[in-house]
Amino acid sequence: MSEAAEEVNTYSTTDAIERFGEDGVTFVDVRDTSESLEHGEIPGAVHAPRGMLEFHIDPESPYFISEFGDDSEFVFVCAIGSRSLLAAQRAKEMGLDRVANVEGGFNAWREAGGAIDGPRPTM
């Protein structure tokens with residue numbers, strides 16, 4: 001974790017909320033689908049669960065998510081900020097130049113009043 005923290009820019013929750021909606025900034029939610037359904041999600045965030053992240057970033061993969069081909073800053077978020085820190089580090093290793101993490105993750109985002117869609121009821 002300490003190595004990843006040295007390599008990845010981490011935004012405070014307040015700074016991340018300020019970046020939300022800016023042109024050239026893409027939020028990436030690496031939580032599992034069940035977490036997003038239960039707790040809600042950041043509007044417009046790309047959903048790329050951590051277990052599939054490498055496949056979603058690789059343009060040669062059939063699971064490639066086109067937003068990862070953009071020249072955006074990718075701001076990663078998970079529940080508390082740990083998975084997203086490691087995900088951002090991995091994304092940087094895979095060639096995404098501008099990556100960041102949200103300190104405290106989605107839980108801190110929600111507590112600070114960041115925009116949220118959901119939660120959606122599960123069936």
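**Close-up views of a predicted model**

Alanine 4 is located in helix 1, which spans residues 2–7. The model shown in every view is predicted.

**View A. The N-terminal segment and helix 1.** Alanine 4 has a relative accessible area of 2% and is therefore buried. Its C-alpha atom lies 14 Å from that of methionine 94, a residue 90 positions away in sequence. Methionine 1 belongs to the segment before helix 1. With a relative accessibility of 49%, methionine 1 counts as partly exposed. Between methionine 1 and arginine 83 the C-alpha distance is 9.5 Å, although 82 residues separate the two in sequence.

**View B. The contact between glutamate 35 and arginine 83.** Glutamate 35 is part of helix 3, residues 33–39. The side chains of glutamate 35 and arginine 83 are joined by a polar contact of 2.9 Å. Glutamate 35 has a relative accessibility of 18%; this value is under 20%, so the residue counts as buried. Arginine 83 also appears in View A, where its C-alpha atom is 9.5 Å from that of methionine 1.

**View C. Salt bridges of arginine 19.** The count of salt bridges in the model comes to seven, and two that involve arginine 19 are shown here. Glutamate 22 meets arginine 19 through its side chain, with an N to O distance of 2.9 Å. At 37% relative accessible area, glutamate 22 is partly exposed. The side chain of arginine 19 also forms a salt bridge with that of glutamate 73, at 2.7 Å from N to O. Because arginine 19 lies in helix 2 (residues 13–19) and glutamate 73 in strand 4, this pair ties together parts that are 54 residues apart in sequence. Glutamate 73 is buried, its relative accessible area being 7%.

**View D. The salt bridge between arginine 31 and aspartate 29.** In this pair, the closest N and O atoms are 2.7 Å apart. Arginine 31 and aspartate 29 are both buried.

**View E. A network of salt bridges.** Four residues, Arg50, Glu54, Arg90 and Glu93, are linked by salt bridges into a network.

**View F. Histidine 56 and its backbone partner.** Histidine 56 is placed in helix 4. A polar atom of the histidine 56 side chain lies 2.7 Å from the backbone oxygen of tyrosine 63. The relative accessibility of histidine 56 is 11%, a value under 20%, and the residue is therefore classed as buried.

**View G. A negative surface patch.** Glu67, Asp70, Asp71 and Asp97 form a negative patch on the surface. One of these residues, aspartate 70, sits in the loop that runs between helix 4 (53–57) and strand 4 (73–77). The relative accessible area of aspartate 70 is 43%, so this residue is partly exposed. Strand 4, at one end of the loop, also contains glutamate 73, the partner of arginine 19 in View C.

**View H. A cis peptide bond after helix 6.** The peptide bond that leads from glycine 118 to proline 119 is cis, with an omega angle near 5 degrees. Proline 119 is found in the segment after helix 6 (105–111).

Methods:
Residues numbered from 1 in each chain as written. Predicted model: local features only at pLDDT ≥ 70, side-chain atom pairs only at ≥ 80, totals over all residues. Heavy atoms only, no water. Patch = residues over 30% accessible without salt bridge, like charges linked within 9 Å, V, L, I, M, F, W, Y side chains within 5 Å. Areas by Shrake-Rupley, 256 points an atom, 1.4 Å probe, with all protein chains shown as cover. Lys, Arg positive; Asp, Glu negative; His and termini not counted. Charge placed at Lys NZ, Arg CZ, Asp CG, Glu CD. Helix = DSSP H or I, 4+ residues; strand = E, 2+ residues; numbered from the N terminus. Buried < 20%, exposed > 50% of the residue type's maximum accessible area, 1.4 Å probe, protein only. Polar contact = N/O pair within 3.5 Å; in protein donor to acceptor, adjacent residues only side chain to side chain.
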